[in-house]
Amino acid sequence: MEAIRNLTPQGLPTSLQVIGVTILLSIVFSILTKDRPWSGFPLISVRGLSPRKSYLNHGNEVLKEGLKKTNGRPFQVMTGTGPKIVLPNRYADEIRNLPDLNFSKAFISDFFIRYPGFEPFKQGFTHEFLLRDTVRIKLTQSLGLVTADLVDETIDTVDAVFGKSGEWTTRTIREDMLEVVARVSSRVFLGPGLCRNRRWLDIAKTFTVDTFALSFIMRMVPAIMRPLVYLALPHASRLRGSVRDARKMITPEVQKRKAAVDAARAAGVKPPKVADTIGWMYDVAKGQDVNLVYGQLSLTMAAIHTTTEGICRALLDICKYPEAVQMLRDEIIEVVGREGWAKTTLYKLKLMDSFLKEGQRMTPLSMASMNRYVEKPLTLSDGIKIPKGARILVVGDLVNPEIFADPEKFDAARFVKKRQEPDQENSWQFVTTSPSHLLFGHGEHACPGRFFASNEIKIVLCHLLMKYDWQFVPGAPEPEPRAFEAGKSCREDTKVQARRRKAEIDLDAL
């Protein structure tokens, strides 16, 4: 360490010295850990491109080519952070709960945790329980309690973002939905005080975007160049600023909560009940040395990214399949109009649930899921051996005609009908995982926040459908998703049009 310190110019601020040392170590690490494919697994490329460029730019095509070329056997792709072994869908149930497959370690290389600004991800890998248990135990079990907060914030936010104009207006939909989701999610995560703080909302939106954008760019360049690219990109300085400012805003609230809990325990009484994730994280930590600010940033990033994408996908499908709109509105009128925002209301929106799941089937956020790191050599049921240290993922099975009739056709009611089959009521919900539908993963490490995300998406979508008409911009081509590796996401410049309509029921008064 002394040798490294001697290489650092004297007189520089400590923060710059830390960044400099981190970059130096990253260069050394990059040289020593050059990516190499695993032997025994075909490395797939397409269009005459290198394996790496093939997967970065044409990931879905690479996966289809790999399945075809190997006749459904495991193969490998070269991602921006090294090789990953791809398992065909039939292995999903077999590996879903294996103890020697680590979920967190599968992402360490993807999110560059050695760089400043990525500290929340580093804590997520070293203290995985904090986010998992806060969501799975506290948030999911409190969904009925937080529904009123979600509805209340949605009412204010949707009106503030989209306005009340009866004329068609062109909207940049991803930007709008980031604002909506950031505010609505933060109401539950941080309470009514911070959820409307302008700086926090900017952090909630830019931390998510900058994390993925910076990771995207750094995966695109050779490993040895990443430290220099990191220094040059504005995303990196914004990430560091977001972590710094989040610490300033959230730390006083955390200290306030800790003091209240400690005082109650000292007095021999129960600590005051809380209904936000700051308090829940403190309970879950059970005195362990964790950074609750990092925990909040990790939670915000995970929730806002996937929920924003889910609502954007739904709105684009509303524009593309207008024949489904009145059916969805009729269901909202019948269910929400009759029952209000009762605990079971969102469950009874079965057509909306099916519509959301079908949209993700047709345009999945990712064609592959169930990322794992192999901690011990693994022998699959057919004798195929996966080496220790490999990263693996499983391909979805979203267009299998044996599972989905007429799979190339969008059917808004597809999963309503599948749930009506004998003993299938709970098998085809939006939040249900299965080998054929891996949107939320599968098995022990399936996304624990999917129940909260589903409720939030449905509440927001009810307001967007009842209060506004939607259409693609006339004369403009249908927006195409952004493709990166196996994923598809809404482009930042995607535009649609909206206009205020007279709702058949007053959702704000329920």
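1. Glu375 is placed in the loop that runs between β5 (368-374) and β6 (378-379), and everything said about this residue here, as about the others in this note, refers to a predicted model. With a relative accessibility of 26%, Glu375 counts as partly exposed, because buried means under 20% and exposed means over 50%. Setting aside its neighbours within four places in sequence, Glu375 touches Pro99, Asp100, Asn102, Lys105 and Lys388. With one of these, Lys105, the contact is a polar one between side chains, at 2.8 Å. As a further reference distance, the C-alpha atoms of Glu375 and Ala390, which are 15 residues apart along the chain, are separated by 8.1 Å.

2. Thr170 can be read in a similar way. Its place is in strand β4 (residues 169-172), and its relative accessible area of 43% makes Thr170 partly exposed. Apart from neighbours within four places in sequence, Thr170 is in contact with Val473, Lys495, Val496 and Gln497, and with Gln497 there is a polar contact of 3.1 Å from side chain to side chain. Pro271, by contrast, is 101 residues from Thr170 along the chain, and the C-alpha atoms of these two residues are separated by 49 Å.

3. Helix α7 (residues 143-162) has 20 residues, which at 1.5 Å a residue should span 28 Å, and the 26 Å between its end C-alpha atoms agrees with that expectation. Just after α7 comes Gly163, which takes a positive phi of about 70°.

4. Helix α14 (residues 325-339) gives a further check of this kind, since its 15 residues should span 21 Å at 1.5 Å a residue and its end C-alpha atoms are 21 Å apart, which agrees. The residue that follows α14, Gly340, has a positive phi, near 65°. Within α14 the buried residues are Val325, Leu328, Arg329, Glu331, Ile332, Val335 and Val336. When reading such a list, it helps to recall that an α-helix has 3.6 residues a turn, so residues three or four places apart point the same way. The cover over the buried residues of α14 includes α13, α15, α17 (450-467) and β9 (468-472).

5. Helix α15 has 13 residues and reaches 18 Å from its first C-alpha to its last, close to the 18 Å expected at 1.5 Å a residue. This helix is mostly covered, with 11 of its 13 residues buried; among them are the charged residues Asp353, Lys357, Glu358 and Arg361, together with residues such as Leu351, Phe355 and Leu356. What covers the buried residues of α15 includes α13, α14, α16 (414-419) and α17.

6. Turning to enclosed space, the model contains three cavities of 30 Å³ or more, and the largest of them holds about 90 Å³. Its lining is made up of Glu309, Gly310, Arg313, Leu316, Gln360, Thr363, Pro364, Leu365, Pro481, Lys488, Ser489 and Cys490. The elements that give two or more residues to this lining are α13 (292-320) and β11 (487-489), and the largest share, four residues, comes from α13. By character, the lining of the largest cavity divides into five nonpolar, four polar and three charged residues.

7. The second largest cavity has a volume of about 80 Å³. Gln360, Pro364 and Leu365 are among the residues that line it, and these names also appear in the lining of the largest cavity. Other residues lining the second largest cavity include Met367, Ser369, Gly396, His437 and Leu439. This lining divides into seven nonpolar, five polar and no charged residues.

8. Among the open spaces, the second largest pocket has a volume of about 850 Å³. Of the 42 residues that line this pocket, the closest to its centre are Asn60, Lys64, Met362, Pro364 and Lys488. At least two lining residues come from each of α3 (51-69), α13, α15 (350-362), β10 (482-484) and β11, and the largest share, eight residues, is supplied by α3. The lining of the second largest pocket divides into 18 nonpolar, nine polar and 15 charged residues. Pro364 and Lys488, named here near the pocket centre, also line the largest cavity.

Terms used
Residues numbered from 1 in each chain as written. Heavy atoms only, no water. Expected span 1.5 Å × (residues − 1). Buried < 20%, exposed > 50% of the residue type's maximum accessible area, 1.4 Å probe, protein only. Contact = heavy atoms within 4.5 Å. Polar contact = N/O pair within 3.5 Å; in protein donor to acceptor, adjacent residues only side chain to side chain. 1 Å grid on protein atoms, 1.4 Å probe; cavity = no way out; pocket = protein on both sides within 12 Å on 5 of 7 lines; lining within 4 Å. Points joined across faces, edges and corners; volume = space filled by probe spheres on them.
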